[in-house]
Amino acid sequence: MAKKSSDPKPRVAAAKSVPKAGDGRAIRTPLTQNPHAIRDTREKVLEVAIGREVRAFRKKLGITVADLAVATDISLGMLSKIENGITSPSLTTLQALSRALGVPVTAFFRRFEEERSAVFVKAGEGLDVERRGTRAGHQYNLLGHIGSNTSGVVVEPYLITLTEDSDVFPTFQHEGMEFLYMLEGEVVYRHGSNLYPMKPGDSLFFDADAPHGPEQLTRLPMRYLSIICYPQSSAG
């Protein structure tokens with residue numbers, strides 16, 4: 001039997017449709033990142049790896065190439081060649097750059113032949129873990145985890161299962177963003193003061209800092225994917 005929350009005045013959120021132009025065509029919002037872009041084939045060349053790090057550290061400090069040239073007594077032309085991976089800087093040059101940028105010399109080599117991790121999980125072989133909702137009878141199956149990585153973001157993909165023994169739990173609240181995708185069953189999912197009736201194929205993407213969770217278990221058993229992401233600096 002479906003279990004309901006005692007909230008007397010829930011507000012069902014209206015489905016947000018894709019914005020359309022006057023002629024009925026969908027308006028496409030351009031993405032800032034090209035998912036099909038191919039990295040420079042020279043990325044594993046040491047000079048290119050060093051140059052990318054120098055540029056990244058300089059931009060992080062908010063200084064120009066001219067500012068860095070003054071701080072290191074290295075010419076603009078040489079700095080340009082270093083950042084573009086055209087020349088191999090000497091150890092003395094790297095030491096000058098490390099002092100000016102406030103990083104150890106080894107920081108310039110961190111992306112050179114750096115290992116890129118991947119996690120493959122066979123069907124049914126995810127790791128059962130305990131989270132806050134476990135006490136309410138929610139089963140969490142972690143489908144993969146990569147800790148320290150080059151993106152600076154931690155992503156936790158879960159397969160969540162709710163059964164007749166599960167209870168509602170609309171009070172989750174944590175840092176980061178979360179994406180839900182319904183696979184089986186039906187639920188009314190709360191996010192803040194809004195309720196979203198969800199069926200297989202429906203998805204919900206939201207700021208996880210607001211209280212959220214299943215408000216009404218409409219049809220059981222229920223399974224959905226929950227993908228949580230948050231800054232690597234807040235992990236643990």
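Strand β2 (residues 127-129) runs antiparallel to β3, the two being joined by 3 bridges, where strands are said to pair if DSSP finds at least two bridges between them. The model is a predicted one, in which local features need pLDDT of at least 70 and side-chain atom pairs count only at pLDDT 80 or more, while totals for chains, interfaces and linings use all residues. Residues are numbered from 1 along each chain as its sequence is written, and side-chain values use heavy atoms, with hydrogens and water left out. The protein chain has 4 helices and 8 strands, which follow one another along the sequence as β-α-α-α-α-β-β-β-β-β-β-β; helices (H or I, at least four residues) and strands (E, at least two) are DSSP runs, numbered from the N terminus. Of the 236 residues in the protein chain, 32% are buried, a term that stands for under 20% relative accessible area, with exposed meaning over 50% and partly exposed lying in between (1.4 Å probe, protein chains only).

**Strand pairing**

- In the pairing of β2 with β3, D128 stands opposite N141.
- Strand β3 also pairs with β4 in the antiparallel sense, here over 4 bridges, and within this pairing Q139 faces T161 of β4, while L142 faces Y158 of β4.
- Strand β4 is joined in turn to β8 by 10 bridges, again in an antiparallel arrangement, with E156 placed opposite I228 of β8.
- Because 7 of the 10 residues of β4 are buried, this strand is largely enclosed by the rest of the structure.

**Aromatic pairs**

- The structure holds 6 aromatic pairs, counted where rings of Phe, Tyr and Trp (its six-membered ring) have centres within 6.5 Å, with planes under 30 degrees apart taken as stacked, over 60 as edge-to-face and the rest as tilted.
- One of them is the edge-to-face pair of Y140 and Y158, with 5.9 Å centre to centre and 85 degrees between the planes; since Y140 lies in strand β3 (residues 139-142) and Y158 in strand β4, the pair ties together parts that are 18 residues apart in sequence.
- Y140 counts as buried because its relative accessibility is 4%, and Y158 counts as buried because its value is 5%.
- Another is the tilted pair of Y189 and F206, for which the centres are 6.0 Å apart and the planes differ by 35 degrees; this pair links distant parts of the chain, with Y189 in strand β5 and F206 in strand β7 (residues 203-207), 17 residues apart.
- Both Y189 and F206 are buried, and ring pairs link these two residues with Y224 into a cluster.

**Nonpolar core**

- The largest nonpolar core has 24 residues, of which L162, L180, Y189, M198, L217, M222 and Y224 touch the most other members; such a core is a set of buried Ala, Val, Leu, Ile, Met, Phe, Trp, Tyr and Cys residues joined through side-chain atoms within 4.5 Å.
- Two or more residues of this core come from each of β3, β4, β5, β7 and β8, and the largest share, 6 residues, belongs to β8.

**Internal cavity**

- The count comes to 1 cavity of 30 Å³ or more, where a cavity is a set of points on a 1 Å grid over the protein atoms alone at which a 1.4 Å probe fits but cannot get out, and lining residues have an atom within 4 Å of a point.
- The volume of the largest cavity is about 100 Å³, a volume being the space filled by probe spheres set on the points, with grid points joined across faces, edges and corners.
- Its lining consists of 14 residues, and Y140, I160, F172, E178 and S226 lie nearest the centre of the cavity.
- The elements giving two or more residues to this lining are β4 (153-162), β5 (177-191) and β8 (212-231), and β8 gives the most, with 5 residues.
- By residue class the lining of the largest cavity divides into 9 nonpolar, 3 polar and 2 charged, with Ala, Val, Leu, Ile, Met, Phe, Trp, Tyr, Cys and Pro counted as nonpolar, Asp, Glu, Lys and Arg as charged, and the others, Gly among them, as polar.

**Backbone features**

- Most residues other than glycine have a negative phi, and most peptide bonds are trans.
- L220 and P221 are joined by a cis peptide bond, with omega about 0 degrees, and P221 lies in strand β8.
- D73, in the loop between α2 (65-72) and α3 (76-83), has a positive phi near 60 degrees, and D73 counts as exposed because its relative accessible area is 72%.

Technical notes. 1 Å grid on protein atoms, 1.4 Å probe; cavity = no way out; pocket = protein on both sides within 12 Å on 5 of 7 lines; lining within 4 Å.
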